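Here's a quick walk through one structure, taken a piece at a time. Have the 3D view open as you read.

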Amino acid sequence: MFGMGDSMKLSPFVALTVVLLRFYGFFGSLMHYMLPRKRAGEVEVVEGETENNISTNDINDAAVTPPIKKHHISTTDATDLTANIKTVTVGDNSSNYSSTSVIEPPVMAPGGANLNDIDEDLHSRQLAVYGRETMRRLFASNILISGMQGLGAEIAKNLILAGVKSVTLHDEGVVEMWDMSSSFVFSENDVGKNRALASVQKLQELNNAVVISTLTTNLTKEQLSDFQAVVFTDITLEKALEYNDYCHNHQPPISFIKTEVRGLFGTVFCDFGPEFTVFDVDGEEPHTGIIASISNDNPALVSCVDDERLEFEDGDLVVFSEIQGMTELNDGKPRKIKSARPYSFTLEEDTTNFGTYVKGGIVTQVKQPKVLNFKPLKEALKDPGDFLLSDFSKFDRPPLLHIAFQALDRFTSEVGRFPVAGSEEDAQKLTTIAANINECLGEGKVEDINPKLLRHFAFGARAVLNPMAAMFGGIVGQEVVKACSGKFHPLFQFFYFDSVESLPAEPLEPSDFKPLNSRYDAQISVFGSKLQKKLEDATVFIVGSGALGCEFLKNVALMGVSCGSQGKLTITDDDVIEKSNLSRQFLFRDWNIGQAKSTVAASAAASINPQLKIEALQNRVGPETESVFNDNFWENLTVVINALDNVNARLYVDQRCLYFQKPLLESGTLGAKCNTQMVIPHLTENYGASRDPPEKQAPMCTVHSFPHNIDHCLTWARSEFEGLLEKTPAEVNAYLSNPSEYAASMRNAGDAQAKDNLERILECLEREKCETFQDCVTWARLRFEDYFANRVKQLTFTFPEDAATSTGAPFWSAPKRFPHPLQFSAADPSHLNFIMAASILRAETFGIPLPDWVKNPKMLAEAVEKVIVPDFQPKEGVKIETDEKATSISTVSTDDAAVINELLFKLERCRNNLPPGFRMKPIQFEKDDDTNYHMDLIAGLANMRARNYSIPEVDKLKAKFIAGRIIPAIATSTAMATGLVCLELYKVLDGTHKVEDYRNTFANLALPLFSMAEPVPPKVIKHRDMSWTVWDRWILRGNPTLRELLQWLKDKGLNAYSISYGSCLLFNSMFPRHKERLDKKVVDVAREIAKAELPPYRSHLDLVVACEDEEDNDIDIPQISIYYG
């Protein structure tokens, strides 16, 4: 339930976001490998060499070498890109690396590994977002991160998990207690050590395949030439200008990112060079459509089938294929479209003299590379262009923050320190500097420099808050990926953000900011000691410890949540750690595979902050565990944080939070997208108040007989896999375990499904029973013939190519595709691979050992040649389902009962010939084990079927994404989502904020797009002088009777006519006999009528009551809780 995907439910305001995105035109312009190994032995790290070049420590078994230099991609074109990726040049060893230390995995060869070696088991979720080519570019990239406070650590974590080639950490400062509340890599034992050196060990544990090195002395601009991207989190503007000028003019350009978080304020600046090519601006699959008609006009009108809405936009380029008649359009030439509508568009082409359109055709969007001309920092400071907005209620905020961050740099240069929290004098000085900068801007100056906002900015300027670091660590980590790969649209060029709404609603005194010499001093300098105490004493429930859960645990541990004497954090997850989790769920290591997620995550979180009071459970949260998560548990909670991967579980937790009136912080991710939703008692609507539309399901007949895309083929393939290898063997075992009981149940059912089950069992135990591996090969070969030849021959016999519907229209019109049977050939590797996978899995179900020759193509081909394949003759009168509304392909017959009896008789006879204790082994589909042949068989089934219908085939990885229903996931969007949620957590635990202070967010790091909005308030129902919302629950104590309950409602002007407990009706005014119950206690009626089993841990029951007002209008009233204890 609490797995890795953390899939996303779209926020209610996503539609608004899309409108705003299109409205604000400037968004358009803005818009080696990781193979875990056993933990290395403890390593001593070079502390930096002295001026006399004498090392104070040695590194055991680690080479001290500069990172490998790799040419930048931004100035290459698409054609040259692949070639450049393969070019690896060793960096200039003449550079001074006397203060560099490197921990390099001993298994990696110097100069990097085979870039084609991608561990798909580990990286499957990330591959689903980036694709192989982007991953290979990442694996060849060397990154510098300068400034290893909380923000630097978060960026490094995300890039190391992504699997870049090397990360060099630069910091000349030492760890202070001040750093404890923002960085998960430091412990109190690290105080006084160099920040970069103290970071290495915990970061290296995240991914042994990434070379992690350190620089601990002054950084020269020449050293930047060894990297494809450099990130600075804590440098002066003067140094930034110097470094940026070097990077911008370097050949090839070095991608430069300057970012910082100051209290509740943050900024990012990107410069990827004078000409940076983006190869994929949004990461979405190219849109396609199935053509229904094309006119011979100028311009030509293209209409598509109404199977799915077209997603094309005016100006898109498209290519055509498979068109019959107007074949001139099949030339592969991109053509521009206009007048795009849901099911048609106009082509900017004269087709008057083209051939007449007959049928068929696919139209596919062509994604064009985009070249961005970045300005260097020096120019961009003066002319920043359009800022990337995050919150449309703060439309005027970015220009002000552009000035504020320059003013802070000037302040620190003049005074030699950051402003002191609570110092009005420092705040005034910063405001004056900002006002002077503003005056020099001439026409570009802002009208109001907002001294109150600048005061908040000054007070928190020294602090790096963990939620801000997490959020910006996600954003900047994604920008580095873009810089190294050309995948997704870079941030162009400034982004400013603030969350001043997170501050306590009540004003703070200067004494509130006073440091307490604790690990939370940086956070106290922003929020004050009173809120810190509330954080520490909070009782928190985190549901799920997958990708989101790991990030949340890290964040709350650093914030000090549930770390006080009164605090407690409970985390639950019923899942265990798998290899595919390790690329995002960063609290887990390869030696944790197979262990309980919640236990490992809780232990890791406690190591981040030993003061954390945490309990780990392995229970699924649902109705079946309400004895564990009972009323007392829910009533004592302060807040609930969801970290779930499915909607049903979210809805259950939402209902519990509604019932007990607890805040729920909700979030989800889908690839580069993420959203957050705040569910606050009495202030906002609940999570379940808005639902995404259900996913469109392909009709049964389409999947089974008329597929027209690879998704249909893969859906069919997975269904066949489960039927052949899981369901049928399970049915066989069910029959053999208790033949008489099974036979009775089949006779009682007496339907087509029962008949199908018995036919499959008999087939398995008689006609298709396997005793040797050769039998399994025979079975696989005959399956091939049945699936990809005989069934197609029967289909085209029943519906010839010239068949017509009852209305006279061509039967094989779009979207249907006319199929062709396959001729088996042992010389075709895909045919032989299908036989191999199918026969191996068939042997597994029968417990047959595999011979040595099974993976030898020549010997397998010889075994296949021994199979006698009978000739097939299509039959007349075969019914093939064509009704799209049909939900089953089983044919109902009037003599099913007779057939069932005959089948049972045959089965009994067959059973007597089986060896004693014979059982089959059902195989459950497991997508994440590439050695089990499950995906080999599913990909083989789908691709052979695709070949039947002339549908483009897919590789095994793409098949795994679709058939395995893998949710694309990356660390960056997860980190950002949790950072945003924890900024809201400050507000929830403060407890005094209004609805307008909260924010729901939808973000897409690929574009990039950030859209924040106030949550929607709950619907208010009014009656007389009362009003209520979904958050209200009416409570009636004293163990009342039904009559007393009715009178209690009548006193409110409500006439109750129906009372229900669960699905059972306790009272209805229309039933005279129900009046006999009026003087009975409600709880006794529930026990008697509804057979309610009220557990000892509960002292009330909940009723749903239907009421009318005095004018007989129905009134929706809250749930009523009757307390009887």
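## A pocket, a barrel and some strands

About 750 Å³ of space lies in the second largest pocket. Keep in mind that this is a predicted model. The pocket is lined by 34 residues, and those closest to its centre are Y659, D1102, L1103, V1104 and Q1119. Which element gives the largest share of that lining? That's β32, with 8 residues. Elements that each put at least two residues into the lining are α19 (647-660), β30 (1055-1061), β32 (1100-1108) and β33 (1114-1115).

Now for the barrel. Six strands close up in the order β11-β12-β15-β14-β13-β16, and the pairing is antiparallel. Going from one strand to the next, the twist averages 50 degrees. Look at where β11 (residues 288-294) meets β16 (residues 362-366): 3 bridges join these antiparallel strands. If you want a spot to click on, I290 sits opposite I362 in β16.

Next, strand β20 (residues 568-572). Is β20 mostly covered or mostly open? Mostly covered, as 4 of its 5 residues are buried. β20 pairs in the parallel sense with β19 (residues 539-543), and also runs parallel to β21 (residues 614-617). As a reminder, strands of a sheet pair through backbone hydrogen bonds, either parallel or antiparallel.

Here are the strand pairs side by side:

| Strand pair | Direction | Bridges | Facing residues |
|---|---|---|---|
| β11 and β16 | antiparallel | 3 bridges | I290 and I362 |
| β19 and β20 | parallel | 5 bridges | V543 and T572 |
| β20 and β21 | parallel | 4 bridges | T570 and E615 |

How does the chain get from β20 to β21? It passes through helix α17 (residues 597-608), making a right-handed β-α-β crossover. The step from β19 to β20 goes through helix α16 (residues 547-559), and that β-α-β crossover is right-handed too.

Last stop: helix α23 (residues 752-767). Its buried residues are A752, A754, K755, D756, N757, L758, I761, L762, C764 and L765. So what covers the buried residues of α23? The cover includes the helices α21 (710-737), α22 (739-749), α25 (829-846) and α27 (896-911). Note that K755 and D756 are on the buried list, along with leucines such as L758, L762 and L765.

Notes. Residues numbered from 1 in each chain as written. Predicted model: local features only at pLDDT ≥ 70, side-chain atom pairs only at ≥ 80, totals over all residues. Heavy atoms only, no water. Pairing = 2+ DSSP bridges. Axes fitted to C-alpha atoms, helices over the stretch in contact; angles between N-to-C directions. Buried < 20%, exposed > 50% of the residue type's maximum accessible area, 1.4 Å probe, protein only. Contact = heavy atoms within 4.5 Å. Right-handed = clockwise from strand over helix to strand, strands pointing away. 1 Å grid on protein atoms, 1.4 Å probe; cavity = no way out; pocket = protein on both sides within 12 Å on 5 of 7 lines; lining within 4 Å. Points joined across faces, edges and corners; volume = space filled by probe spheres on them.
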